[in-house]
Amino acid sequence: MPDTSTGSTGSTARPSRRTVLAATAGVTASLTVGGTANAAGPGEMRLRALISRMTLEEKVGQLFVMRVYGHSATAPDQADIDANLKEIGVRTAAELIAKYRVGGIIYFTWAHNTRDPHQIADLSNGIQRASLEQPRGLPLLVATDQEHGIVCRVGKPATLFPGAMAMGAGGSRADARALGRISGAELRAIGINQDYSPDADVNVNPANPVIGVRSFGADPDAVAGLVAAEVTGYQSARVAATAKHFPGHGDTAVDSHYGFPVITHSRELWERLDAVPFRAAIRAGIDSIMTAHIQFPALDDSGDPATLSHPILTGILREELGYDGVVVTDSLGMEGVRTKYGDDRVPVLALKAGVDQLLNPPNLSVAWNAVLKAVQNGELTEARLDESILRILRLKARLGILDQPYVSPSGIDHVVGTAAHLAMADRIAERTTTLLVNEGGVLPLSRLTHHKILVVGADPASPSGTTGPPTSVLAAALTELGFTATALPTGTAPSAATIAKAVTAARDADAVVVGTYNVTAAGSQKTLVEQLVATGRPVVAIAVRNPYDVAQLPSVQGCLATYSWTDVELRAAARVVAGRVAPRGKLPVPVQRADDPTQVLYPIGHGLSY
């Protein structure tokens with residue numbers, strides 16, 4: 001149950017909040033968009049006055065954005081209390097804020113922060129209240145990764161949109177702006193004011209295990225246009241957008257969560273490829289930029305990850321690109337930033353490199369005390385901390401949370417998951433579905449000749465925990481469209497027995513729809529498809545993650561790409577299969593031949609229709 005003790009919206013005045021409002025009155029109006037402030041204005045002076053009253057410990061805390069378990073700021077479930085004690089040494093979010101005076105909190109599904117909109121709003125209000133009750137307390141930036149598609153922390157009933165590569169297939173900047181505007185409004189309504197989205201990486205490596213469909217595509221100019229549009233949408237809703245992962249994570253075969261990727265691009269290639277979307281984000285007034293835990297020798301040959309690189313973050317991002325907004329690290333618990341240095345050195349080196357926000361260190365006590373000691377022993381100056389805190393406070397002021405940190409529960413149901421928002425998501429998804437193969441005009445399927453459909457395939461876990469499973473969603477959608485569809489999940493690695501069961505079921509169907517997920521040459525998903533084709537029934541593959549699956553499936557008569565397996569994309573695919581809408585998506589990445597990856601099977605821009 002939501003914590004009723006944190007159900008207030010903040011409409012009742014509190015001394016600590018009055019102090020904040022008095023100290024920051026007029027701040028928002030005097031600050032401009034995009035991380036640039038009027039240094040001579042009264043708002044800037046008031047922010048500097050806030051900093052001057054902070055203790056050193058409070059300043060250190062402002063730099064950290066931390067995870068915390070629980071659905072409530074003060075009364076989480078016992079399992080979440082135990083997890084907090086084990087990992088952070090506190091029981092609750094309120095205790096975390098009191099002990100470390102953190103400047104931000106990041107929400108995760110797995111931390112049980114995002115059960116439903118009203119609970120999230122209560123948690124957000126409880127977090128803000130806990131901070132404002134502290135001496136010289138300030139509102140927090142509340143962040144999450146709401147990229148949509150395969151990375152999504154807030155689930156239904158909130159509006160869920162297609163992910164970035166699907167949006168790349170749609171190619172509409174207007175749709176990208178609408179996504180940002182609607183998603184931003186819904187996040188803001190539940191107290192989330194910073195979104196770690198959009199992904200500005202240019203995905204030119206089909207083997208990229210960590211970016212892939214989180215990217216808008218492989219064409220830097222197309223990616224740049226969509227990044228800028230989404231930034232504009234989010235920030236019009238007064239949610240800070242975050243372009244990531246600078247200086248560009250799109251060409252790696254290593255996941256920086258578990259390893260230390262090296263990008264081998266030349267400086268000239270970086271300028272033409274990776275830098276383009278970040279430049280566009282900066283021109284659009286991006287509020288924050290997230291760093292990458294990657295080694296980029298052409299930009300810094302020290303062997304340090306970009307997150308800890310002064311040449312990259314200060315020399316290039318700040319000085320060459322002219323960016324003066326907030327720089328936030330990717331999670332400091334990831335292996336890519338922990339390979340070379342210990343957890344006590346990483347936060348200090350990140351600040352020396354030019355970072356402002358230190359995100360989710362594995363051990364907050366170690367990281368927090370390391371920064372404190374670095375100031376005390378002179379390795380970092382207090383003035384250096386003040387620079388970052390001023391950027392953070394400018395952002396908080398620009399978002400309006402210094403003036404109004406609380407959200408009203410009465411407005412949630414009028415904003416989150418409204419019929420108009422859901423309808424817009426459906427329309428956008430229809431414009432992203434990409435028809436790659438249509439041999440003999442097998443699609444669209446007719447209810448008269450292919451009334452009975454078997455849906456088989458992979459059922460990957462829901463990114464938000466609130467959608468799917470994909471085979472059931474597809475079967476239900478096709479049934480609603482007038483077919484008789486049956487779901488038979490076969491998984492990402494079907495056994496011989498599972499394949500045999502699917503083949504038997506296929507013989508009793510008029511057509512088969514198979515959802516594929518990262519098909520490989522030697523994998524049993526490919527065997528499943530081949531044996532289904534051998535039944536003589538029409539087989540339509542839907543690549544529910546990477547469009548590259550089509551290269552491994554030469555025998556299918558029809559193939560669609562949805563770029564993710566959330567409900568909105570799958571329902572749109574079903575409408576395309578049924579002919580209710582025509583496919584309009586175009587590949588935003590090239591697909592190489594399976595037998596010769598140097599040759600392109602389907603180029604950027606390929607996409608059929610009817």
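This report covers the pockets of the structure above and the confidence of its model.

The model is predicted: local features need pLDDT of at least 70, side-chain atom pairs count only at pLDDT 80 or more, and totals for chains, interfaces and linings use all residues. Residues are numbered from 1 along each chain as its sequence is written, and side-chain values use heavy atoms, without hydrogens and water.

**Confidence.** pLDDT is the predictor's confidence in each residue, from 0 to 100. Its mean over the protein is 93. A value of 70 or more is reached by 93% of the residues. Two stretches fall below 50: residues 1-30 and residues 32-40. Contacts here are heavy atoms within 4.5 Å. Beyond near neighbours in sequence, residues 1-30 have 68 contacts in the model, and residues 32-40 have 20.

**Pockets.** A pocket is an open set of points on a 1 Å grid over the protein atoms alone, where a 1.4 Å probe fits, with protein on both sides within 12 Å along at least five of seven lines; lining residues have an atom within 4 Å of a point. Volume is the space filled by probe spheres set on the points, which are joined across faces, edges and corners.

| Pocket | Volume | Lining residues |
|---|---|---|
| Largest | about 730 Å³ | 32 residues |
| Second largest | about 310 Å³ | 16 residues |

In the largest pocket, V151, R153, V210, R214 and H257 are the lining residues closest to the centre. In the second largest pocket, P206, V519, Y548, A551 and Q552 lie nearest the centre.
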